[in-house]
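Here is a short set of exercises to work through with the model open beside you. Try each task before reading the solution that follows.

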Amino acid sequence: MDISTLASLPARERILLTAHDLFYADGIRATGIDRVIAASGVTKVTFYRHFPSKDDLVRAFLDHRHGLWMAWFVDALGRRGAQERIGNGQPQHALPVLADAMAEWFADPAFRGCAFINSVVEVGNSVAGASDIAREHKREMVEVIAGLLPEALAGPQRTAIAQAAALGIDGAIVKAQMGGAAQAREAVDDLRRLLQALGASLVPAAPATA
């Protein structure tokens, strides 16, 4: 967001958007309150009126990031025709679109991994509620992934496959975060193979012939 647009926003929103960009790019612990105040163009009094502590700002950042990322995730899957790939009552699925969506995200110059994995590593339980927000984010991600599976699939199996796919996504995110473009491509390829294996488990075995 350019400076003129940021300056036109209410103070709380300016602070939150500034903190979002700095926390995600450079890390929560590495970003001090004074830096957020300076970059958002507010006074200390204004900052503390909206966010009495850094912990309050961290929780607000995670909530904001959750909304942004989930909106992008659902949109990215939809742009790849996720729902069109699911047959009514048929053993079809749209798991491959997950790898395509991750490839798009990993190619973004602003990609710095998963803000929720990063936050748990950085602050853990030292920021009350942060881990709860991270867990809820991952739960909702699993819920969206479950929607890519056939409607006829039984609940426990649907959940188990969605959780396995989500675990694969998290692994791919961490691997992509560790290196450059080649590492990101390898992470997507690994994820794609995992999703293919999970998808194959949905196809009923052919009946044995006499």
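**Exercise 1. Describe the order of secondary structure elements and the overall build of this predicted model.**

*Solution.* Start at the N terminus and walk along the chain: the elements run α-α-α-α-α-α-α-α-α-α. Counting by type gives ten helices and zero strands. Next, look at the extent of the C-alpha trace, which spans about 80 × 35 × 30 Å along its principal axes. Then turn to sequence separation: of the contacts with a separation of 6 or more, 67% join residues 24 or more positions apart.

**Exercise 2. Work out what share of the residues is buried, and characterise the surface and its charges.**

*Solution.* Of the 210 residues in the protein, 45% are buried. The exposed area comes to about 10700 Å², and carbon and sulfur atoms supply 58% of that area. For the charges, take the 21 positive and 23 negative ones and find the mean position of each set; these two mean positions are 3 Å apart.

**Exercise 3. Find the largest pocket and say which helices contribute to its lining.**

*Solution.* A general idea helps here: rolling a probe the size of a water molecule over the atoms shows where empty space is left. In this model the largest pocket has a volume of about 310 Å³. Its lining consists of 14 residues, and those nearest its centre are Tyr-24, Arg-65, Trp-105, Asp-108 and Ala-110. Now assign the lining to elements: helix H2 (11-26), helix H5 (54-79) and helix H6 (96-106) each supply at least two residues.

**Exercise 4. Count the cavities of 30 Å³ or more, and identify the helix that gives the largest share of the lining of the largest cavity.**

*Solution.* The count comes to one cavity of 30 Å³ or more. The largest cavity has a volume of about 40 Å³. Its lining is formed by Arg-65, Trp-69, Trp-105, Cys-114, Ala-115, His-137, Lys-138, Met-141 and Ile-173. Both H5 and helix H8 (130-146) supply at least two of the lining residues. The largest share, three residues, comes from H8. Compare the two linings, and you will meet Arg-65 and Trp-105 again: they lie among the residues nearest the centre of the pocket, and they also line the cavity.

**Exercise 5. List the buried residues of H6 and name helices that cover them.**

*Solution.* Begin with the list: Val-97, Leu-98, Ala-99, Ala-101, Met-102, Trp-105 and Phe-106 are the buried residues of H6. Then look at what lies over them. The cover includes H2, H5, H8, helix H9 (155-177) and helix H10 (181-200).

**Exercise 6. Decide whether Ser-119 and Val-58 are buried or exposed, and trace their contacts.**

*Solution.* Take Ser-119 first, which sits in helix H7 (residues 115-123). Its relative accessible area is 1%, so Ser-119 is buried. Setting aside neighbours within four places in sequence, Ser-119 is in contact with Ile-28, Leu-62 and Gly-124. Val-58 belongs to helix H5. Val-58 also has a relative accessible area of 1%, and therefore counts as buried. With neighbours within four places again left aside, the contacts of Val-58 are Phe-23, Ile-28 and Val-127. Ile-28 thus turns up in both lists. For a distance check, the C-alpha atoms of Val-58 and Ala-103, 45 residues apart along the chain, are separated by 28 Å.

**Exercise 7. Classify Arg-12, Arg-49 and His-50 by accessibility.**

*Solution.* The cut-offs needed are these: buried is under 20% relative accessible area, exposed is over 50%, and partly exposed is in between.

- Arg-49, in helix H4 (residues 44-50), has a relative accessible area of 57%, so Arg-49 is exposed.
- His-50 is also placed in helix H4; at 30% relative accessibility, His-50 is partly exposed.
- Arg-12, in helix H2, has a relative accessible area of 39% and is therefore partly exposed.

Now bring in the contacts, leaving out residues up to four places away in sequence. Arg-12 touches His-50, Phe-51 and Ala-60. From the other side, His-50 touches Ala-11, Arg-12 and Ile-15. Finally, compare sequence with space: Arg-12 and Phe-51 are 39 residues apart in sequence and 8.4 Å apart in space, C-alpha to C-alpha. The C-alpha atoms of Arg-49 and Ile-28, 21 residues apart along the chain, are separated by 20 Å.

Conventions. Residues numbered from 1 in each chain as written. Predicted model: local features only at pLDDT ≥ 70, side-chain atom pairs only at ≥ 80, totals over all residues. Heavy atoms only, no water. Helix = DSSP H or I, 4+ residues; strand = E, 2+ residues; numbered from the N terminus. Buried < 20%, exposed > 50% of the residue type's maximum accessible area, 1.4 Å probe, protein only. Contact = heavy atoms within 4.5 Å. Areas by Shrake-Rupley, 256 points an atom, 1.4 Å probe, with all protein chains shown as cover. Lys, Arg positive; Asp, Glu negative; His and termini not counted. Charge placed at Lys NZ, Arg CZ, Asp CG, Glu CD. 1 Å grid on protein atoms, 1.4 Å probe; cavity = no way out; pocket = protein on both sides within 12 Å on 5 of 7 lines; lining within 4 Å. Points joined across faces, edges and corners; volume = space filled by probe spheres on them.
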